[in-house]
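I sat down with this one today and kept notes as I went. Here is what I looked up, entry by entry.

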Number of protein chains: 2
Amino acid sequence: MTASTRLQTTATQEVHLLGRFTPQRAIVLEALIEAEEEDGFVSAQSLHARLLSADLPVGLSTVYRTLSALAEAGRADVVRDMHGERLFRYRPGSDHRHYLICTECGVSLPLDAVAVEKWAAGIARTSGFTAVRHTVELTGICPDCGPSAGGSPQG
Amino acid sequence: MTASTRLQTTATQEVHLLGRFTPQRAIVLEALIEAEEEDGFVSAQSLHARLLSADLPVGLSTVYRTLSALAEAGRADVVRDMHGERLFRYRPGSDHRHYLICTECGVSLPLDAVAVEKWAAGIARTSGFTAVRHTVELTGICPDCGPSAGGSPQG
DNA sequence: CAAGAGTTGGTAATGATTGTCATAATCTAT
DNA sequence: ATAGATTATGACAATCATTACCAACTCTTG
Ligand SMILES: [Mn+2]
Ligand SMILES: [Mn+2]
Ligand SMILES: [Zn+2]
Ligand SMILES: [Zn+2]
């Protein structure tokens, strides 16, 4: 079983969470899973462009719809980059995660955010608000992109 | 000394942090301070509209420039609403703050986020990343907008 | 096959934000 | 105060992600 086949299998299974199975949804989900392993977060626009250049012409509308549905179903994390553009990342598990993202290269590091979850839960309990949700994102410059790593890291 | 005069005094002093003093910058800063006391966060668009209807026709470009400069100078907090629009809030102090914002009416509640600050500082220290910054926003439905306070609670 | 519900994708519309640049205002040095 | 250098303003156009629209298409069911 090739890596490509394994991806397709995963995608085929999970697409049903969004309703009817369609080739387009499978393609988008596959691409999102691939992107997670390679680049971390991806935008709808860049994912669409990637599909076009891979001769998998899925409509931009469908890419947006599928990614939004995945996020809605809790199968993708969503963050906003410095320009307000929405970035998506496939999430295998069921709990949401928080990330430290390099503003230079986009590499993302999943964080242990137990402390934040507890803090947010406490706020939700004591504030009087209901349906409390939270957005927690860390950004910075990763070691590879940092000052002491300019141009050629180890040569 | 009227409340209006007090606002103008504050604005006049702080405008200098942005460079040259101009009437437009003072107007925008005043409006931002007023908005903080009334509505909490405001968008550049709504602030601009408010100025127009108050016969203080400051250009939209200038509103954007001034609010961005204030945020850059650390005199305003910035969050993104559900649609990605940027919302600004004047910040008297020098430390940034985090808020719990009602998605229905927009009322905002400043939070004690010491736990989050420590957590974020720990990540910054142990991750290898530099220039680490964080975004932490809580959203929910405030007591006034909640289920037991809706249009006709008991009916 | 026929009807109905769901899906796609091209295109147009939306709407916030930014770029441009001629004009106007502010600051500084005389 | 005045001239000149510097900076700011604002009308307008451009950008660009996202959404709305809708006719054509694909299943499923009977
Ligand atoms: Mn969380
Ligand atoms: Mn903080
Ligand atoms: Zn990096
Ligand atoms: Zn409310």
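Before anything else, a definition I needed: I call a residue buried under 20% relative accessible area, exposed over 50%, and partly exposed in between (1.4 Å probe, protein chains only). With that in hand, I checked two histidines, and both His98(A) and His134(A) are buried.

Ground rules. This is a predicted model, where local features need pLDDT of at least 70, side-chain atom pairs count only at pLDDT 80 or more, and totals for chains, interfaces and linings use all residues. Residues are numbered from 1 along each chain as its sequence is written, chains are lettered from A and ligands numbered from 1 in the order in which they are written, and side-chain values use heavy atoms, with hydrogens and water left out.

Metal site. Which residues hold the manganese ion (ligand 1)? I found His96(A) (NE2), His98(A) (NE2), Glu117(A) (OE) and His134(A) (NE2) as its protein donors, 1.8 to 2.1 Å away. Donors here are N, O and S atoms within 2.8 Å of the metal (3.2 Å for Na, K and Ca); water is not among the atoms, so sites may look incomplete. His98(A) sits in the loop between strands E3 (86–90) and E4 (99–102) of chain A, and His134(A) in strand E6 (residues 130–141) of chain A, so this pair ties together parts 36 residues apart in sequence. Helices (H or I, at least four residues) and strands (E, at least two) are DSSP runs, numbered from the N terminus.

Two copies. I laid chain A on chain B: the RMSD is 0.1 Å, after a turn of 179° and a shift of 0.0 Å along the axis. That is how a two-fold axis relates copies. In chain A, Val136(A) has the C-alpha nearest the axis, 2.3 Å from it. The superposition is by least squares on C-alpha atoms of residues with pLDDT of at least 70 in both copies.

DNA strand D. I counted a residue as near if one of its heavy atoms lies within 4 Å. There are 16 residues around DNA strand D, and Gln45(A), Tyr64(A), Arg20(B), Thr22(B) and Arg65(B) come nearest. Sugar and phosphate make up 64% of the strand D atoms that come within 4 Å of the protein.

Arginines. For polar contacts with the strand I took pairs of N or O atoms within 3.5 Å; within protein, one must be able to donate a hydrogen and the other to accept it, and residues adjacent in sequence count only if both atoms are side-chain atoms. An N or O atom in the side chain of Arg20(B) is 2.6 Å from a base oxygen of DNA strand D.
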